[in-house]
Amino acid sequence: MTEQQAGPPYPTGPQDALTDVLGLRVGHAQRIGDGHLTGTTVVLAPEGGAVAAVDVRGGGPGTRETDALDPRNLVQHVEALVLTGGSAFGLDAASGVAAWLEDQGRGFRVGPDPAQVVPVVPAAALFDLGRGGNWRARPDAALGRAAVSAAAGTEPGAPVAQGNTGAGTGAVAGGLKGGIGTASAILPSGATVAALAAVNAAGSVTDPRTGALYGHLYEDPTALPAPEVHAAALRRLAEA
């Protein structure tokens with residue numbers, strides 16, 4: 001049997017980010033300090049909205065308005081998507097985004113007046129409660145409004161801040177610091193495919209044998225930390 005060869009990696013877009021998809025903008029807002037370690041990220045669609053779909057998984061998903069994305073339902077476009085910390089409480093951030101969109105007259109028309117709109121803003125939350133020290137420190141409508149305002153204030157195709165920002169501010173992945181990440185690829189057809197993720201995973205993000213991040217192993221299997229560096233990291237992790 002001949003082993004199947006992997007194709008060459010696709011080139012990235014100009015920013016290697018979700019904003020390489022024409023019309024999408026991304027904004028973050030976060031609260032850090034005084035018991036806070038949380039935030040919200042908003043993906044803002046161009047005026048008129050964008051077609052969206054959803055696949056909700058997990059044993060305890062925290063979501064809002066994702067049912068509107070079912071193709072059997074009336075809504076065909078969304079104005080924005082929200083990723084947020086704060087677990088179920090943090091979904092309140094989407095209310096601030098919806099209020100901002102209503103002020104702009106953007107949303108699903110429900111009456112003859114152009115101002116009579118209902119913005120469709122699906123949202124998903126990750127669990128970061130108490131990670132800043134205060135259990136009640138979580139995103140709210142004001143933080144959602146700040147995040148969508150930040151998105152609207154960016155230029156099309158702008159770079160996207162990554163790491164400990166927005167919904168990734170209080171994220172943890174496998175006992176290490178999580179965060180926001182984004183990437184893009186340009187297919188041979190010319191189409192751009194991109195992703196943005198707030199990583200708050202329970203599983204390990206490192207190879208336990210070598211201490212290398214799995215992402216680095218896929219990029220370069222030889223990019224391994226020195227054994228003494230790995231051993232020191234294991235000691236610090238055990239102490240923590």
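Strands here are DSSP runs of E at least two residues long, and helices are runs of H or I with at least four, numbered from the N terminus. Keep in mind as you click around that this is a predicted model.

**Stop 1: a greasy spot on the surface**

Start with V110, in the loop between β5 (108–109) and β6 (117–118). Is V110 buried or exposed? It's exposed, because its relative accessible area is 53% and the cut-off for exposed is over 50%. Now add L74, F108 and V118 to your selection: together with V110 they make a nonpolar surface patch of about 380 Å².

**Stop 2: helix α2**

Next, select residues 93–103, which is helix α2. Colour A93, A94, G96, V97, A98, W100 and L101, and you have its buried residues. What covers them? Show β2 (36–44), β3 (62–64) and β4 (80–84), then α1 (87–90), β7 (123–125) and α3 (141–152); these are all part of the cover. Before moving on, click G105, just after α2, which takes a positive phi of about 70 degrees.

**Stop 3: into the core**

In soluble globular proteins, nonpolar side chains tend to be buried together. To see that here, show V42, L44, A80, V82, V97, L101 and V121 as spheres: they have the most contacts inside the largest nonpolar core, which has 17 residues. β2, β4, α2 and α3 each supply at least two residues of this core. Which of the elements gives the most? That's α2, with five residues.

Zoom in on V42 and bring up its surroundings. Leaving out residues up to four places away in sequence, V42 touches R25, V26 and G27, then A80, L81, V82 and V97, and also G144, A147, V148 and A151. Apart from the 17-residue core lies another one, of nine residues; pick out L18, V43, V160 and L196, which are among them.

**Stop 4: a hairpin**

Now select 179–186 and 192–199, strands β10 and β11. How many bridges join these two strands? Eight, and the strands run antiparallel. For one rung of the ladder, click I180, whose bridge partner in β11 is A198. The two strands form a hairpin with five residues between them, and in the turn you'll find G190, with a positive phi of about 100 degrees.

**Stop 5: a loop that meets a distant stretch**

Jump to G132, in the loop between β7 and α3. G132 counts as partly exposed, at 32% relative accessibility. Draw a C-alpha to C-alpha distance to D34 and you should get 7.7 Å, although the two are 98 residues apart in sequence. Setting aside neighbours within four places in sequence, G132 is in contact with G35, H36 and L37.

**Stop 6: salt bridges**

The structure holds seven salt bridges; here are some to look at.

- R145 and D103: their side chains meet at 3.2 Å, N to O. R145 lies in helix α3 and D103 in helix α2, so the pair ties together parts that are 42 residues apart in sequence. R145 is partly exposed at 32%, while D103 is exposed at 53%.
- E65 and R64: this salt bridge spans 3.5 Å, N to O. E65 is partly exposed at 29% relative accessibility, and R64 is partly exposed at 25%.
- D207 and R209: the side chains meet at 3.2 Å, N to O. Which end of this pair is buried, and which is exposed? D207 counts as buried, at 5% relative accessibility, whereas R209 is exposed at 67%.

Conventions:
Residues numbered from 1 in each chain as written. Predicted model: local features only at pLDDT ≥ 70, side-chain atom pairs only at ≥ 80, totals over all residues. Heavy atoms only, no water. Patch = residues over 30% accessible without salt bridge, like charges linked within 9 Å, V, L, I, M, F, W, Y side chains within 5 Å. Areas by Shrake-Rupley, 256 points an atom, 1.4 Å probe, with all protein chains shown as cover. Salt bridge = Lys/Arg side-chain N within 4 Å of Asp/Glu carboxyl O. Buried < 20%, exposed > 50% of the residue type's maximum accessible area, 1.4 Å probe, protein only. Contact = heavy atoms within 4.5 Å. Core = buried A, V, L, I, M, F, W, Y, C linked by side-chain atoms within 4.5 Å. Pairing = 2+ DSSP bridges.
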